[in-house]
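Q: I would like to go through this model step by step. Could we begin with a helix contact and then move on to other parts?

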2 protein chains.
Amino acid sequence: MRMQTEALQIRPRRYILSERPDTSACQMCEVRGRGLCSTLSDTELDALALISERVKLSSAQIFIEEDAPARYFYNVTSGMVKLYRSLPDGRRQITGFAGPGHFLGLAAVKTYGFGAETIEASRVCRFSRADFARITQQYPNLERRLLAEASHELVIANDQMLLLGRKTARERVASFLLGRLEEDFGRVIPEMPQLHLPMIRNDIADFLGLTVETVSRTLSWMRKENMILSGRDHSITIMAPDRLEALAQLTL
Amino acid sequence: MRMQTEALQIRPRRYILSERPDTSACQMCEVRGRGLCSTLSDTELDALALISERVKLSSAQIFIEEDAPARYFYNVTSGMVKLYRSLPDGRRQITGFAGPGHFLGLAAVKTYGFGAETIEASRVCRFSRADFARITQQYPNLERRLLAEASHELVIANDQMLLLGRKTARERVASFLLGRLEEDFGRVIPEMPQLHLPMIRNDIADFLGLTVETVSRTLSWMRKENMILSGRDHSITIMAPDRLEALAQLTL
DNA sequence: CGAGCTCTTGATTCTCGTCAAGAAGGGTGG
DNA sequence: CCACCCTTCTTGACGAGAATCAAGAGCTCG
């Protein structure tokens, strides 16, 4: 296992990989109960285990390059990843954040329609698409699940387009916080939930189609209005989820 | 065949339907060679024909309502449809335009994640999802094609998010025109191609996250710069595709 | 402990939205 | 077939919200 430090600009190092193809390792995977894997049978999982490869990634590693040939699918097992699309001049739109259980690679035809970079140390599970195709032949249910996953992502993408095209800065930030809440807690949200946001302001800005300054100002304003409370290490306590919801103009 | 004129606000009438479940009607369908259907075998098409229903729609008819239970898939066979997502206060984001061959309904889980309204008289082919599910069991290839379709839509959605979050008004309009070009001509674009745009300015604005005025001003500016030439009945001649491309900041 | 990211806040600018009005175009009914 | 009306499109004047530019404080990590 070597470090391949191919620097590109200042930004992040390219990725390197590690370790073990193993039978039935999926059974004891930390995301066995989440996302795609939670919907698969034991036999299906065993088949997947045989073609999967676990990969350890440090922070700020690009492991999917935009428009590169799409050779792999990934499943995030720990940490968090940002997905993005960018312009030649460097402007960038983050299209989503992917945490444990999130499946990556559906937004690809021959090549990836997005790039992926870790925002903290993470682990992912990697499958070659060729291997994957062979398995889906055998287990049609797997393909059905992928389609369901893709459908879900399309719905989310539609909502994000609405946000980017039509919401104000405040509405965007409110929507973002509520989105994170749902990600962390599901539908049942506690009284004063605490959020841990691994991404930096700049990433939030790139996700919401804003600038860092605007995100910062908006969060400051929410703080002043007692809607949120910032703690240390990027944690935020949501003091008034209802007021945020009113702000966010949620569709659902 | 009746007209069901259930007015909602001023805007569009609800939809009504017509006619004929028929065996092997797909074989002679006008979109046999386009989109999903072009990738299916004759036997697969025959199976589809049995569960399909052709529907005639006049202009400005909403035939998919946002968040309604997703009971049907559709395939546009003629005309053009706009897909959108909107906020309670009426702000609206058009997420795409669908012409002949376009498959509708993938962006849905239990309910549709979008609404659909015709922008001109159109015809669509309708399948119940339940029927469809039965057929995909029998023909796994069909499901594979749907997944490919969904993947493609996800890539497009990513690009649209980049446009909405990060491009300027001029870049957006240029990207839109080029997108339409590709839609109409494929990859090989003539010297001075002529575009027919069935959608009105307001729809373009809602698609690009702008206002009508900005779209109008931007097109006027392009006209002044001799990049385009407006004809009658919503046709536009692209005088300088290369200059538009430079403006659009295309990723691919 | 210090260099370089982050984050915040202020001042200023500018792009695009809003408001307004008139022209052009299309559809409908007489 | 024409007249009328309503929608669409364009253009101008103005304003607002977010971007840009700038500076300093706070963190992190080597």
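Q: Which residues of H3(B) and H4(B) meet?
A: In this predicted model, Phe132(B), Ile135(B), Thr136(B) and Gln138(B) are the residues on the H3(B) side. From H4(B), they meet Pro140(B), Leu142(B), Glu143(B) and Leu146(B).

Q: And by class, how many residues in that contact are nonpolar, polar or charged?
A: The contact of H3(B) with H4(B) has 5 nonpolar residues, along with 2 polar and 1 charged.

Q: At what angle do the two helices pack?
A: Helix H3 of chain B, residues 129-138, and helix H4 of chain B, residues 140-166, pack at about 115°, and their axes are 5 Å apart. H3(B) and H4(B) are therefore roughly perpendicular to each other, given that angles of 65 to 115 degrees count as such.

Q: Now to the DNA. Which residues come nearest to DNA strand D?
A: There are 17 residues around DNA strand D, and those that come nearest are Ala169(A), Thr214(A), Arg201(B), Arg217(B) and Ser220(B). By class, the residues of this surface divide into 7 charged, 7 polar and 3 nonpolar.

Q: Which helices supply at least two residues each to that surface?
A: Helix H7 (212-224) of chain A and helix H7 (212-224) of chain B each do so. H7(B) gives the largest share, 5 residues.

Q: What part of DNA strand D lies within 4 Å of the protein, sugar or phosphate versus bases?
A: Of the atoms of DNA strand D within that distance, 64% belong to sugar or phosphate, and the rest belong to bases.

Q: Which side chain has an N or O atom 2.8 Å from a base oxygen?
A: That is Arg217(A), whose partner is a base oxygen of DNA strand D. As for phosphate oxygens of DNA strand D, one is 3.0 Å from a polar side-chain atom of Thr211(A). His234(B) has a side-chain N or O atom 3.1 Å from a phosphate oxygen of this strand.

Q: Changing topic: what is the strand order of the open sheet in chain A?
A: The sheet has 4 strands in the order E1-E8-E3-E6, with antiparallel pairing. Its edge strands are E1 (52-57) and E6 (103-104) of chain A, each of which pairs on one side only.

Q: How many bridges join E3 to E8 in chain A?
A: E3 (residues 72-78) and E8 (residues 122-128) of chain A run antiparallel and are joined by 6 bridges. Val76(A) stands opposite Val124(A) in E8(A).

Q: Which helix packs on the sheet?
A: Helix H3 of chain A, residues 129-138, packs there and touches E3, E6 and E8 of chain A. The direction of this helix makes about 65° with that of E8(A).

Definitions and conventions
Residues are numbered from 1 along each chain as its sequence is written. Chains are lettered from A and ligands numbered from 1 in the order in which they are written. This is a predicted model: local features need pLDDT of at least 70, side-chain atom pairs count only at pLDDT 80 or more; totals for chains, interfaces and linings use all residues. Side-chain values use heavy atoms; hydrogens and water are left out. Axes are lines fitted to C-alpha atoms, for helices over the stretch in contact, and angles run from 0 to 180 degrees between N-to-C directions. Angles under 35 degrees count as roughly parallel, over 145 as roughly antiparallel, 65 to 115 as roughly perpendicular and the rest as oblique. Contact means heavy atoms within 4.5 Å. Ala, Val, Leu, Ile, Met, Phe, Trp, Tyr, Cys and Pro count as nonpolar, Asp, Glu, Lys and Arg as charged, and the others, Gly among them, as polar. A residue is near a molecule or strand if one of its heavy atoms lies within 4 Å of it. A polar contact is a pair of N or O atoms within 3.5 Å; within protein, one must be able to donate a hydrogen and the other to accept it, and residues adjacent in sequence count only if both atoms are side-chain atoms. Two strands pair if DSSP finds at least two bridges between them.
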